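Colleague: I should be grateful for a close look at one helix and its surroundings, explained for a first-year student.

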Amino acid sequence: MFDDNKLTAARLWVISAGRSGTRSPDGPRNQPYLARALYALIPTPSDDVLRMTVDEGWRLYMNPEWLAAASVPDVGRELAHLVWHLINRHADRARGCGVSESSASRWRRAADEAVGEFTDPAGLRPCHIRLIRNDTQITVETRFEQLAGDSAPGADSCGLDECGSGADGISRSYESPRTTDLPQVSRVDGELIRRDVATAFLRSAHGRGTGGYIALARWAEEIVNPVVPWQQILGAAVRGAVTTATGGGDYTYRRLSRRTATAPNIVLPSRQRVIPEIAVVIDTSGSVDERMLGQALTELDNIVSTLQISERGLIAVSVDTSAYNLRRVRRATDIDLFGGGGTDMTVGIAAVAAQRPRPEVVIVFTDGCTPWPAQPIAGTTLVAVLLDSRSGAPPATPEWAIRVECVDEAL
Ligand SMILES: [Zn+2]
């Protein structure tokens with residue numbers, strides 16, 4: 001058997017705050033948000049491990065002799081280190097990187113570095129694990145890649161029998177198979193624990209900015225408030241507008257023949273739709289960020305090419321307070337940009353709406369500091385794409401328009 005009291009004491013030690021002063025060996029900790037994860041671990045005594053390891057089912061393999069001899073803080077640091085491997089799904093991610101037995105120790109070194117970013121501010125790094133680099137921005141995948149060129153062995157990083165399959169996805173002989181009926185944490189439960197830890201962290205004082213938990217704050221933010229890339233939103237908006245315009249289904253250039261039009265008993269194949277007309281209105285006023293505009297137009301071209309309507313091209317016009325150079329282009333990025341004065345997109349929207357046939361979809365790229373038409377245009381879906389101007393509150397768009405906000409990731 002094993003020393004259950006010591007395990008309990010070690011969990012509490014991690015959760016509770018240490019005495020003030022980071023130089024004290026009994027320093028920070030104060031990790032109440034780790035409670036759910038620490039109590040989810042399933043203790044399993046094993047003589048095959050040196051200290052402690054975890055498998056993907058959150059089983060905690062512990063050497064009973066080591067546990068009996070180790071101090072409560074030592075056990076606590078091991079526990080914190082191992083649960084962060086699990087919370088961060090290092091096993092799944094190792095598989096995603098194609099980690100094999102031969103590259104597993106390099107992966108664990110990368111994973112230990114990543115875990116160190118989370119445990120170090122709380123004074124929770126096990127003493128046998130040395131933090132080699134400190135960079136809160138790097139993912140474990142990037143660390144793994146970068147270490148490929150580094151022939152130095154992982155020094156005091158996890159040895160081959162350390163951490164367990166919960167850190168690298170490579171199962172060990174002493175581990176219970178995932179398929180057994182023995183208690184384990186399922187993938188779904190693991191995901192729930194992960195979300196709970198992230199939510200609890202953001203609600204804690206650390207999550208509100210104390211204690212220098214930079215990597216942990218970024219991690220929790222991404223889980224609790226994931227940012228959907230604007231490219232994805234723009235794609236969904238354009239596809240949605242095109243689907244609305246065509247009533248769904250595939251598109252064709254074929255117009256109804258005169259015979260069909262006068263012979264209503266003849267049923268056309270229902271999936272043959274008229275290819276939609278897309279118009280692009282581009283704000284060329286001085287306040288528009290050209291780099292952002294370039295990114296957005298490139299993205300639009302990508303989206304249009306997946307719609308299989310690209311042969312038709314687009315109607316395009318550049319606008320400041322006047323409409324310039326209204327013409328058909330093959331791609332949005334082919335448009336010559338004119339203008340540079342004030343901003344009034346209603347002029348450009350009116351210009352494209354006057355085309356016959358009237359475009360079914362009008363996409364306006366603007367910084368948003370513009371008047372909009374008072375009413376929707378009959379038969380037309382308007383997509384308002386706001387190019388990030390970083391000038392305070394995002395500007396308003398009409399309620400009847402589809403709104404997409406682009407954010408410049410490079411900033
Ligand atoms: Zn480790």
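Modeller: The expected span of a helix is 1.5 Å times one less than its number of residues. The model discussed here is predicted. Helix α4 covers residues 72–87, and its 16 residues should therefore span 22 Å. The C-alpha atoms at its ends are 22 Å apart, which agrees with that expectation. After the helix comes R89, which has a positive phi, near 50°.

Consider next how far the helix is covered. Of the 16 residues in α4, 14 are buried, and the helix is thus mostly covered. What lies around it can be described one neighbour at a time.

One neighbour is a sheet. This sheet is open and has 3 strands in the order β1-β3-β2, with mixed pairing. Its edge strands are β1 (42–45) and β2 (52–54), each of which pairs on one side only. On average, neighbouring strands of the sheet are turned by 25° against each other, with direction ignored. Strand β3 comprises residues 59–62; β1 and β3 run parallel and are joined by 4 bridges. Within this pairing, T44 has Y61 in β3 as its bridge partner. Helix α4 packs on the sheet, where it touches β2 and β3, and its direction makes about 15° with that of β2.

Another neighbour is a helix. Two packed helices are described by the angle between their axes and the distance between the axes. For α1 (residues 4–15) and α4, the angle is about 70° and the axes are 8 Å apart. Because angles of 65 to 115 degrees count as roughly perpendicular, α1 is roughly perpendicular to α4. The residues of α1 that take part are K6, L7, A9, A10, R11, W13 and V14, and they meet V72, P73, V75, G76, L79 and A80 in α4.

The interior of the model can now be considered. The largest nonpolar core has 54 residues, and those touching the most other members are V14, L34, L79, L82, V83 and V197. Helix α4 contributes the largest share of this core, 8 residues. As an example, L82 touches M52, V54, L60, C163 and G166, if residues up to four places away in sequence are not counted. There is also a second, separate core of 44 residues, which includes A241, V281, V317 and L382.

In summary, α4 is a mostly covered helix that packs on the sheet, packs against α1 and supplies the largest share of the largest nonpolar core.

Technical notes:
Residues numbered from 1 in each chain as written. Predicted model: local features only at pLDDT ≥ 70, side-chain atom pairs only at ≥ 80, totals over all residues. Helix = DSSP H or I, 4+ residues; strand = E, 2+ residues; numbered from the N terminus. Buried ≥ 20, exposed ≤ 12 C-beta atoms within 10 Å, placed from the backbone. Pairing = 2+ DSSP bridges. Axes fitted to C-alpha atoms, helices over the stretch in contact; angles between N-to-C directions. Contact = placed C-beta atoms within 7 Å. Core = buried A, V, L, I, M, F, W, Y, C linked by C-beta atoms within 7 Å. Parallel < 35°, antiparallel > 145°, perpendicular 65-115°, else oblique.
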